[in-house]
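Let's take a walk through a protein structure together, one stop at a time. Have the viewer ready and turn things around as you read.

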Amino acid sequence: MNGIAVSTAINGDDIEFLCRPEETLLTVLRDRLGLMGAKEGCGTGDCGACSVRVDGRLVCSCLVLGAEVQGQVVETIEGMASGDSLHPLQEKFLEHAALQCGICTPGFLMAAKDLLERNPDPSEEEIRFGLAGNLCRCTGYDKIVRAVQDAAQVMRGDAA
Amino acid sequence: MNINAKTQIQEFRSVGTRPVRQDGVDKVTGRARYGADYNMPGQLVGLVLRSPHAHARIKSIDTSAAEALKGVKAVITAADLPDHADGDEGLLEILDNCMARTKARYDGHAVAAVAAIDEATARKALGLIRVDYEVLPHVTDVDEALKSTANVVHEHATSRVDPEQNVPLNVHATEEFGHGDIEAGFAKSDLIVERSFKAEQSHQGYIEPHACVASVNADGTGDLWVTTQGHFSYRIVCAQLLGMDVSKLRVTSSEIGGGFGGKTHVWAEPVALALSRKAGRPVKLTMSREEVFRSTGPTSPASIDVKIGVSNEGVITSAYAHLRYGCGPYSGVWGMLGAMTAFACYDIENVKTIGIDVRINRPKTAAYRAPSAPVAAFAVESVLDEIAQKLDMDPLELRFRNAVKNGSRSSYGPTFGTIGLVEVLEAVKSHPQLNVPLAANQGRGIACGYWFNIGGQTCTTLNIGVDGTATLTIGTVDVGGSRSSMSLVAAEELGIDYDKVKTVIGDTATLGHNDTTEGSRGTFSSSMATINAVKQAIGVLRERAAKMWEIPVDDVVWEKGCARAVGEEHGNLPTLSLAEIAKEAPNTGGPIAGHSEIVAEGVGVSFGAHICDVEVDPETGATKILRYLVVQDAGRAIHPAYVEGQYQGGAVQGIGWALNEEYVYGADGRLQNAGFLDYRIPVCSDLPMIDTVIVEVPNPGHPYGVRGVGETPIVPPLAAVANAISRATGVRMTHVPMSPPRVLAALENAKVT
């Protein structure tokens with residue numbers, strides 16, 4: 001086996017794994033580490049269902065090799081809630097019915113979190129372009145945009 | 001639920017509220033398990049080898065090198081899926097589509113499959129399989145396939161056609177609907193508009209690829225974990241194809257990552273089961289996105305002629321449509337559905353529609369949300385818009401003058417009962433979007449749409465827990481939040497809070513047969529069965545309360561989640577709560593449950609109307625959606641947020657089809673855009689907010705008035721967008737998708753002529 005030993009931090013935990021050189025981060029997360037929240041919708045970086053953050057940068061984990069995260073910090077959907085307390089984005093997605101089938105939801109949440117941490121007060125257009133790398137086939141995006149707007153307000157601490 | 005004494009309108013406590021969905025936390029935390037999120041001990045990886053040819057005879061397949069590769073545990077071809085169809089042509093077609101038997105009939109048709117210890121080994125093994133093809137002529141265009149010289153796609157192609165009609169061989173089926181005398185109707189009309197339309201093939205585009213884990217044991221039992229809209233139907237078809245006893249195959253539906261009709265048919269599941277049977281180990285089979293596009297789904301490409309005659313007052317005197325739908329290499333019902341729905345919104349004295357299914361060398365057509373209706377509406381509603389322009393009449397007024405009402409005879413036969421198209425049009429008329437002024441290069445389009453919905457076999461069970469909470473088990477797969485709607489219905493009927501009911505989807509061993517979640521039937525049928533099951537459970541609860549009180553059961557009524565004694569003798573007894581009765585169950589007769597097994601009848605059809613405002617860039621031909629409104633009759637919205645979600649999602653799928661989505665085939669018959677980069681579905685930045693209005697004209701066939709709502713929203717958008725572009729540019733659009741090059745070509749062409 002041509003395994004590469006990788007040491008990384010995932011959602012705050014130190015993790016070590018072996019992977020083959022050609023294995024994607026998505027495959028490592030799902031098949032080696034049991035973190036199945038990132039989904040494979042295309043495998044070509046077109047749908048965003050596998051979105052995670054590596055060293056603070058939003059990426060499609062199907063386009064990153066597992067070996068590339070050596071020494072880096074990985075954030076996935078499994079680390080978004082704190083214990084049993086949901087992140088405001090998670091709360092607002094539920095409140096606004098911003099998901100139907102839910103397969104794209106982990107990717108949208110990661111992308112929205114990344115967007116709001118970079119831009120706490122985005123316009124509707126900025127939200128729409130900020131999430132344009134994530135495909136949703138069920139909702140028509142309306143309720144997703146509203147959920148992100150509402151979550152942004154909560155995260156800024158504005159009065160409702 | 002009570003009836004208001006004054007208005008006679010049902011008043012609800014839970015139904016119509018918008019609680020958080022019960023499967024929600026799992027879905028926002030990444031814990032929900034979809035088709036690919038499940039593993040069995042010792043499982044292998046399955047992969048499928050697919051034909052690179054649109055049409056080819058399979059002369060031989062040599063699997064010896066693949067079988068000899070270390071780590072390969074099974075290689076199968078059609079020889080490993082013997083014909084158990086017993087003369088059932090439809091079943092044999094399904095088998096042939098799952099694994100080509102003598103011919104590959106489209107680019108992407110499965111010809112062999114392997115199971116190996118890992119993906120790398122399985123992929124290497126695929127490369128070692130040698131298939132000797134004799135390439136045959138192919139046809140991928142509907143109108144080309146209809147020409148008598150076109151190449152015959154399937155040897156059974158004449159099986160359902162009257163030989164006296166002497167129709168071309170690629171015609172699978174012809175269906176005709178209508179009434180009156182259309183020629184007499186055209187003769188007395190003041191204006192006739194006749195046009196031909198073309199719609200390219202689109203794909204359902206669910207984000208989750210097909211995935212399953214199959215395990216078949218030597219004793220003939222098996223398990224299948226699969227993403228599907230109908231696990232009971234999958235069980236029957238898979239068992240029949242594999243020659244298994246239906247009851248020995250247990251199918252569990254995973255969470256489903258979108259289906260829209262595309263997960264109502266089996267493709268890879270029988271292959272995974274056959275691989276598992278041969279290897280003696282579980283097999284996980286997931287499709288790549290390229291496989292999804294090349295081999296599953298798509299809707300029909302279509303070609304349609306429409307002719308409508310009207311009086312000067314805008315009353316339709318006669319209407320005719322000839323609709324040709326591609327069905328892939330196998331049989332289809334798509335022409336029939338197009339012919340049934342084309343004129344269903346209008347009360348027409350003389351009407352005739354002919355729908356034809358045409359065999360072509362493309363993947364087998366699968367249902368896609370109100371299948372066939374969107375392109376039929378595109379053609380019909382476009383002609384109506386042109387008529388409105390020529391009569392100088394408000395296009396909404398033209399719809400009012402012809403809209404079907406209670407008692408109208410539909411264009412396809414049945415007489416409509418209580419329907420809500422007029423109420424929908426009234427809601428459109430009073431919507432502020434109609435008053436927003438339009439600038440240069442902007443246009444506003446209106447279109448109506450119809451879908452009929454189905455009922456079917458349904459089975460539910462309600463179990464009362466020891467603490468007085470309830471578990472509802474249903475068998476219709478939840479594709480977009482229906483578990484929460486069922487909890488609302490059970491809570492309503494039982495008189496307890498929504499959060500005291502938990503709804504789950506049972507596997508095929510848990511409940512009796514349930515038909516697939518298709519035809520907008522899930523919420524309609526399962527809510528009806530749920531109401532029945534709760535009523536039965538309430539009967540049991542009343543008996544138990546009577547036992548506890550030692551009074552006759554006729555003196556016990558059920559109110560607000562409690563048993564109450566009535567009558568002079570014991571009317572002063574304190575009520576017994578559900579929890580109190582449940583606690584005593586071990587001493588009063590055991591577990592408390594209610595069941596319902598029905599064929600759901602009384603479907604309520606659903607009409608909608610959409611308004612689309614666009615701006616077209618004359619330099620590039622690109623269209624921007626400025627505003628979009630969906631108005632539709634839901635009968636009764638159980639969970640309004642998810643009804644709005646259906647409206648918005650369906651509309652946006654239609655917008656995608658209207659503006660961008662199409663299968664592109666090369667002259668070689670191969671699909672050229674099998675990926676989300678080149679098959680472009682709408683993204684967030686393409687769209688505005690999608691406004692919705694839920695009209696509620698209760699369906700008298702359902703206890704709460706529910707109509708199926710899922711499919712109608714995709715019917716009007718192609719026409720609404722086309723009418724908006726046509727009005728913005730002054731050029732009538734007749735070919736979807738109206739992608740920038742196609743709009744630009746139409747504009748250039750109009751300048752020349």
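Leaving aside its neighbours within four places in sequence, which residues is Thr29(B) in contact with? Before you go looking, keep in mind that this is a predicted model. Now the answer: Thr29(B) is in contact with Ile77(A), Glu78(A), Leu86(A) and Gln90(A). Thr29(B) itself sits in helix H1 of chain B. Is it buried or exposed? Its relative accessible area is 6%, and the cut-off for buried is under 20%, so Thr29(B) counts as buried. Its side chain also has partners inside chain B: it reaches the backbone oxygen of Val25(B) at 2.7 Å, and one of its polar atoms lies 3.4 Å from the backbone oxygen of Asp26(B).

That brings us to where the two chains meet. The contact draws 53 residues from chain B and 43 residues from chain A. The size of an interface is often given as the accessible area lost when the parts come together. Here, about 3900 Å² is buried between chain B and chain A, and carbon and sulfur atoms give 60% of that. Three residues stand out on the chain B side: Val28(B), Cys684(B) and Met689(B) supply 20% of the area that chain B buries against chain A, more than any other three residues.

There's charge and polarity at this interface too. The rule finds five salt bridges across it. One of them pairs Lys39(A) with Asp37(B), whose closest N and O atoms are 2.5 Å apart. Counting polar contacts gives 25 residue pairs between the two chains. Which elements of chain B give two or more residues to the side that touches chain A? They are helix H1 (24–29) and helix H18 (640–659), with H18(B) giving the largest share, nine residues. Sort that side of chain B by class and you get 29 nonpolar, 16 polar and eight charged residues.

Next, head for the interior. The largest nonpolar core has 199 residues, and among those with the most contacts inside it are Phe93(A), Ile308(B), Phe343(B) and Tyr628(B). Helix H11 (residues 373–391) of chain B contributes the largest share of this core, 12 residues. Apart from it lies another core, of 31 residues, including Val534(B) and Ile592(B). For a close-up of the big one, pick Ile308(B): not counting residues up to four places away in sequence, its contacts include Phe186(B), Leu191(B), Phe343(B), Val380(B) and Ile387(B).

Now find helix H12 (residues 395–402) of chain B, which is mostly covered, with six of its eight residues buried. Those buried residues include Leu396(B), Leu398(B) and Phe400(B), but also Arg399(B) and Asn402(B). What do they pack against? The list is strand S16 (316–326), H11, helix H13 (421–429), strand S18 (442–451) and helix H19 (717–729) of chain B. Asp394(B) caps the N-terminal end of H12(B), with a side-chain oxygen 2.9 Å from the backbone nitrogen of Leu396(B).

Last stop: Ala5(A), in strand S1 (residues 4–10) of chain A. Ala5(A) has a relative accessible area of 60%, and exposed means over 50%, so Ala5(A) is exposed. Even so, Ala5(A) touches Phe17(A), Leu18(A) and Gln70(A), not counting residues up to four places away in sequence. To finish, try finding Pro106(A): its C-alpha atom and that of Ala5(A) are separated by 27 Å, and the two residues are 101 residues apart along the chain.

Technical notes. Residues numbered from 1 in each chain as written. Chains lettered and ligands numbered in written order. Predicted model: local features only at pLDDT ≥ 70, side-chain atom pairs only at ≥ 80, totals over all residues. Heavy atoms only, no water. Core = buried A, V, L, I, M, F, W, Y, C linked by side-chain atoms within 4.5 Å. Buried < 20%, exposed > 50% of the residue type's maximum accessible area, 1.4 Å probe, protein only. Helix = DSSP H or I, 4+ residues; strand = E, 2+ residues; numbered from the N terminus. Contact = heavy atoms within 4.5 Å. Buried area = accessible area lost by both parts, 1.4 Å probe. Salt bridge = Lys/Arg side-chain N within 4 Å of Asp/Glu carboxyl O. Polar contact = N/O pair within 3.5 Å; in protein donor to acceptor, adjacent residues only side chain to side chain. Nonpolar A, V, L, I, M, F, W, Y, C, P; charged D, E, K, R; others polar.
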